[in-house]
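I opened my notebook to look up a few things in this structure. I wanted to start with one pair of strand residues and work outward.

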Amino acid sequence: MTSVPPLAPSFDAARALRQACETFDIEAAAVAGLKNRLTDAFARSVQLMLEVRGRVVVMGMGKSGHIGRKIAATLASTGTPAMFVHPGEASHGDLGMIQANDVVVAISNSGESGEITVLLPVLKRQGVPLIAITGGLQSTLARHATEVLDGGVDKEACPLNLAPTASTTAQLALGDALAVALLDARGFKAEDFARSHPGGALGRKLLTHVSDVMRSGEDVPRVAPDTAFGDMMREMSAKGGITAVVDAQQQVLGVFTDGDLRRLIENGVDLRTKCAQDVMHLRPRSIRPDALAVDAAELMEEHRITCVLVVEPNGSLVGMVHIGDLMRAKVI
């Protein structure tokens, strides 16, 4: 068994916990302080981004650049075409990615990042609207900006007041506020979010329909109402412990399951002389093929069943969904 090395003698665990709490307090105060400095510039920035005919281009250097990448990703996933352009690379050709019909969001705590300020005259000549997120309200970036969002903080969480900590948290919060205001203004819905996240759990739940996961054709157990009990059992055994009972036009008349079989045996019913219509369960649970697969899962959970028939609006049987099918599709 590998032993855990002891903590260094100089390490003060209580001090580390205090430092963590102080960090939370400082960064929480930085975010809370944004509310008091929010102006109409925020609403005008949202309108600029909402009406953009091109894309929202986010820029930032260093830690602000990392925040910028996240903001661009959040915007793109919530309905606003967006991308991140590195200011340093922009000076060496990537500025060509920015067109006159774009909007630029530049992030710099000081507002004097050289890699960004060198781009400002070019952006102005192109007529590109510029939204600045900065703590330097009198800075070069702020003077050139179309709109300025105050992302300043009283102090960093860093004990030396040097490492970007509270300031980057404030920048991130402002970016999230922009994204949320934009998605609300666009009428962005959960279904829209799912379309940009098809590989995620929400995407699977909102984009996967019953028709995508159901069993169909010969894989669906079905018998005629006059089918002998033994023949019905063979159909059930071959196709999953359940069978639908349908007429000649494939209209669903009933269903018979393993649970129904157990109840008949417990009640001492002589099954040898029975046929499907004698023992079937009337009015079985069913779902339409165009319903969401997650609705089938909820139906199964609500009624404590493991299968549900898939039926067209006219009553004809077209498939069956088993809980295992939903699990394999990662709907549940």
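**Entry 1: a bridge.** I began with Val223. Its bridge partner is Val245, in strand 7. I note that this is a predicted model.

I then looked at the two strands around that bridge. Strand 6 and strand 7, residues 242-246, run parallel where they pair. I count two bridges for this pairing, as computed.

A reminder to myself: strands of a sheet pair through backbone hydrogen bonds, and the pairing is either parallel or antiparallel.

**Entry 2: the whole sheet.** Which strand order does the sheet have? I wrote down 6-7-8-9. The sheet is open, has four strands and shows mixed pairing. Strand 6 (222-223) and strand 9 (281-282) are its edges, and each of them pairs on one side only.

**Entry 3: helices on the sheet.** I looked for what packs on these strands. Helix 12, residues 229-239, does so, and it touches strand 6, strand 7 and strand 8 (252-257). Its direction makes about 75° with that of strand 8.

Helix 13, residues 258-266, also packs on the sheet. Its contacts are with strand 8 and strand 9. Here the angle to the direction of strand 8 is about 70°.

**Entry 4: the largest pocket.** Rolling a probe the size of a water molecule over the atoms shows where empty space is left. I looked up the largest pocket and found about 460 Å³ of space in it.

How many residues line this pocket? The lining has 22 residues. Nearest the centre lie Ile242, Thr257, Ile305, Thr306 and Cys307. Strand 8, helix 13 and strand 11 (307-311) are the elements that each give two or more residues to the lining. Helix 13 gives the largest share, five residues.

I also sorted the lining by class. There are seven nonpolar, eight polar and seven charged residues.

**Entry 5: two arginines with positive phi.** I checked the backbone of Arg283. Its phi is near 50°, a positive value in a residue other than glycine. Arg283 sits in the loop between strand 9 and strand 10 (286-287). Is Arg283 buried or exposed? Arg283 counts as exposed because its relative accessibility is 71%, and the cut-off for exposed is over 50%.

Then I turned to Arg304. Its phi is near 55°, again positive in a residue other than glycine. I found Arg304 in the loop between helix 15 (293-303) and strand 11. At 79% relative accessibility, Arg304 is therefore noted as exposed.

Technical notes: Residues are numbered from 1 along each chain as its sequence is written. This is a predicted model: local features need pLDDT of at least 70, side-chain atom pairs count only at pLDDT 80 or more; totals for chains, interfaces and linings use all residues. Side-chain values use heavy atoms; hydrogens and water are left out. Two strands pair if DSSP finds at least two bridges between them. Contact means heavy atoms within 4.5 Å. Axes are lines fitted to C-alpha atoms, for helices over the stretch in contact, and angles run from 0 to 180 degrees between N-to-C directions. On a 1 Å grid over the protein atoms alone, a cavity is a set of points where a 1.4 Å probe fits but cannot get out, and a pocket is an open set with protein on both sides within 12 Å along at least five of seven lines; lining residues have an atom within 4 Å of a point. Grid points are joined across faces, edges and corners, and a volume is the space filled by probe spheres set on the points. Ala, Val, Leu, Ile, Met, Phe, Trp, Tyr, Cys and Pro count as nonpolar, Asp, Glu, Lys and Arg as charged, and the others, Gly among them, as polar. Buried means under 20% relative accessible area, exposed over 50%, partly exposed in between (1.4 Å probe, protein chains only).
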